[in-house]
Structures are given as structure tokens and as C-alpha cells.
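I wanted to look up a few side-chain arrangements here and to write down what I found for each. These are my notes, entry by entry.

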Amino acid sequence: MGSWLSKQLEPTSAHLTYVVLSLFLLCYAYFSDFIRNRLHLSEPPLALLVGIIFGPMALDVVDPEAWFWQDTVTQEFARVVVCLQVFSVGLELPKAYFSRHWRSVGMLLVPVMTFSWLITAGFVHAVLRTDWSTALIISACLAPTDPVLAAAVLQESRFSARVPRRIKHMLSAESGCNDGTSFPFLYAGLLMHQGLSTGSLIKDWSIETILWQCILGLLVGLVLGHCANRALRIAERRDWIDPASFLVFYILLALLACGIGSTLGLDDFLVAFGAGTGFAWDGWFAMKTREAHLPNILDLLLNSSMFVYFGAIIPWTDFVPRDITPLITPGKLVGLLVLILLFRRIPIVLLLKPLIPDIRTYREALFCGHFGPMGIGGLFLAMESRARLETGESIPLPHPPSHHPYKVAIETIWPVVCFIILGSTFVHGCSVAAISLGGHYMRDKGERAPLLAAEEEGLDGMVHEGGGGESEPSVSEDEDVS
């Protein structure tokens, strides 16, 4: 009987992964309102914890290496997740958002992001004793605000309702743009690492990165999104498309943008974000699908799966000194994480607060400076940088080569980026709970909500009334934009 039963069972790593992942998602869905609105937690840190517990370093149930894991899989998984998320950001912003708020978003994308890139590189160079080009590559992977983690914090919940809408929209818009705008920073570091002359570096960076990848990528995305909007309007008006296909149209369009961008060697994320922005510029599709909650469904399925996967592939053995990276130690990585979390964004956002129209108070500036999480986009950029160092192209080798002229940089980038993203996921994922608990206990007993951290009033120190609280009053109304 026992031998017969053992022949029937097939507990392979892949099959057990299906069980663990689906059970986690089912449990989260079952308690989702309680977790999000009572515990003030979001999916990413919980999914990451599940990946760690069931991964090779703990229970060894979910082991991607046993059945499919290699660098190309990680790169493409991260590419698809981020492209879908930045497309969703463009879709959910108020209509014609950038025509009114370009100055605020521009300040976050240019001076704030440049400062983040440079100061993070300085910390990496000082703490880990890397060369400057490697430090600039690592800092480029960590400079952007991750749209997946940002969406988990800013999407509809009891806490997000306490944040002014203009702040939420500004941070969402920034997270949608800056994974794409990180490419110039990344390629500046890569070109420096190759030892090019100043003239060749500026020429290659300007033509290949700025003009081809970024500017053309954004234009292609905007044109694609606008044309898709027009085509969908015609199909809907003439009853060519059924309701189910209408709802899934945006996911297919996001994948098309991702495919076009990667095939043409453009900036995938700017193509996807441009397509989402162009597609939803007039607010028509958002109004038609308002009750479908498509982005929330996407977050639960794809984004959570990505964080479980990341938890299972974290390179724990690379966080200790090795022959190739003797200066990487757990203590130095923790110190680097603390420095990055404290100084990567907060000082520059506080300094530039008078120049950012959508930030009205210094408490809002502190909030915006803190909520700049690093996540899945950083994993993709790390793989992109390793691919460029390994092969000179955007496709990495299945695993790092044993011998390579850039071996030290290749072996340094991945563990450092992974550790910082690991820390950021837990710190930013638990920040909502910390802010809610802190606000609860800072009130007098008679002013506290009956339930722990269940306050619903706007966060203190922020402007919530009238135009100060809305992203734009004229677009917050339920209006027919057809």
C-alpha cells in the first residue's frame, strides 16, 4: 500500500510551488480587508516572507532553481510585472494629469532622482569600497521609486484615504515614470565601467540612451496608447467587443507595449507608461471600468507572485564575505541600508519643498521623501546591468560566468541590490502600520479611535481641504468623458 501510494504522489518543486502560492493568495484574499485596514499591511512584505519561509534557505519547498530558475527568467518576470504596473499607473491617474502637474513630477524625476543616484553611489563606494562605476551602477538600480511597492501603499485603503489625493497621485506618477528614467543613470555607470573616453561616453549616452531608448520609447508609447484608445472607442461604439474582452484589453495592450519596447531595444518601462498615459489621457477607459478593480486583481496575482519568487531566490550566501567580494558583510549591508533609507530622498525633498507645487507642508515633504520604496524595478535593472557587463547586450547569461574581466562588478551588483530591496520591502511595507500606531498613541485617550490605529481623519500636518487635498477638483467629479 505504501509503495503504491508513493508512486501516485508527485511532490515536485513546481507542484508544491503551485500549492504554496495559491494557498497564500487564498488566505490573503480571505482576510484582505482585515490585513489592509486593521493591520495596515500590504501584500509585498507578506509575499516576500512566504517566499523566504518556504524557499531553499528555510523549508525548501519553493525552489525555483530546481525547475526553471536562471537570470533570464528573473529578468523577464520582473520586466512583465513592472511594465504592467507602470501601465496601470498611467491608467489610474486623473485625465490629462501631466498637463497640470508636470512641474511637481519633474522635480521628483530630475533633481530628486539625480541626488538619490549620486548620494547612494557615495554610500556604496564608502561602505563597500567599490570602484565609482560599480557604485553608480548599483545606485542607478536603487534610484527609482518602485511602482509595485508604491501601489501597495497608495491603493485604496483606510490609510490611503487619510493622505491627500494630490500627494497620492504625485507619488504614483513618479513611480510610473522613474523606472524608465533610471536608464540614463544606469547606462552612464555602465559606459564609465567600460573605460570609454569622455567624448565616446557622451556620444553613446546621448544617442543610444537618451534619444533612442528614452525619448523615442516614450513617444512610441504615447502614440500606441492614443491609437488604442481611438480603436477601442470605435469597437465599443459599434458593438464589436464584448464586456470581458473590453476589461482585459488594457492588460493585452500593456503586454504589447512591453513586447514592442523590448524588441526595438527601447526603454520598456517608458513605452509601457507612455502607452498607459496615452490610452487613459481623456479618462474614458477609467470611467468605463471604474467598478472592475482590475489593478487590484493584478496586484494580488502577479505582483504577489513576484515577491514570493524573489523571497525564494534571495542570495543569502552572497551576503557574507567571499573571495571575489571580501568587503561585503552583513554589518556593512545593514549600515548601507540605514544610510540609504535616511538620506536617499528625505533631505532633498525637504530642501526642494518650496519648488514642488503639490507639496504644501514640510510634513508632506517628509512623507513623500520617505515613501520612495525600492523593489522589483531594481531587480530588473540589476539584471540589465549584469547582462550588459557579461555579454554587452541586454540578455544575461543563465548564471554569472566563472571568469570575466568584470567579475567583481557582476558579483557585487546582485547581492547588494537584493539586500537593499529586501530591507526596503519590509521597512516601507510596514511603515503604514508604524505611522498608524504612532498617530494613535500620540493622541489624547479621549481622541483615539475605539479600535487600535483605526483613525480615519486626515494625517496631521497635511492640507486636506479644497484644492489642497484634491489632485485636481475638476477631475475628481463623476463625469461622463465620452
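The entries below go through aromatic pairs, a charge over a ring, a covered helix and a buried arginine.

Entry on aromatic pairs. I worked on a predicted model, and for the ring pairs I obtained a count of 22. I then looked at F319 and F419, whose ring centres are 5.2 Å apart and whose planes meet at 85°, so I noted the pair as edge-to-face, given that angles over 60 degrees fall in that class. I also checked where the two sit: F319 belongs to the loop between α15 (294-313) and α16 (330-343), whereas F419 belongs to helix α20 (residues 407-442), so that the pair links parts of the chain 100 residues apart. Both F319 and F419 came out as buried.

Entry on a cluster and a charge. I found one aromatic cluster formed by F87, F246, F249, Y250, F279, W284 and F285. I also looked up K353, which lies over the face of Y362 at 4.8 Å from the ring centre.

Entry on helix α7. I asked how many residues of α7 (residues 132-142) are buried, and I got 10 of its 11; among them are S133, I137, C141 and L142. These buried residues pack against α6 (97-128), α10 (183-193), α16, α19 (376-391) and α20.

Entry on R79. I located R79 in helix α5 (residues 71-92), and I noted R79 as buried because its relative accessible area is 7%, under the 20% cut-off. Leaving out residues up to four places away in sequence, I listed C258, S262, D268, F269 and F380 as the residues that R79 touches.

Note on methods:
Residues are numbered from 1 along each chain as its sequence is written. This is a predicted model: local features need pLDDT of at least 70, side-chain atom pairs count only at pLDDT 80 or more; totals for chains, interfaces and linings use all residues. Side-chain values use heavy atoms; hydrogens and water are left out. Rings of Phe, Tyr and Trp (its six-membered ring) pair if their centres lie within 6.5 Å; planes under 30 degrees apart count as stacked, over 60 as edge-to-face and the rest as tilted. Helices (H or I, at least four residues) and strands (E, at least two) are DSSP runs, numbered from the N terminus. Buried means under 20% relative accessible area, exposed over 50%, partly exposed in between (1.4 Å probe, protein chains only). A charge sits over a ring if NZ of Lys or CZ of Arg is within 6 Å of the ring centre and within 35 degrees of the ring normal. Contact means heavy atoms within 4.5 Å.
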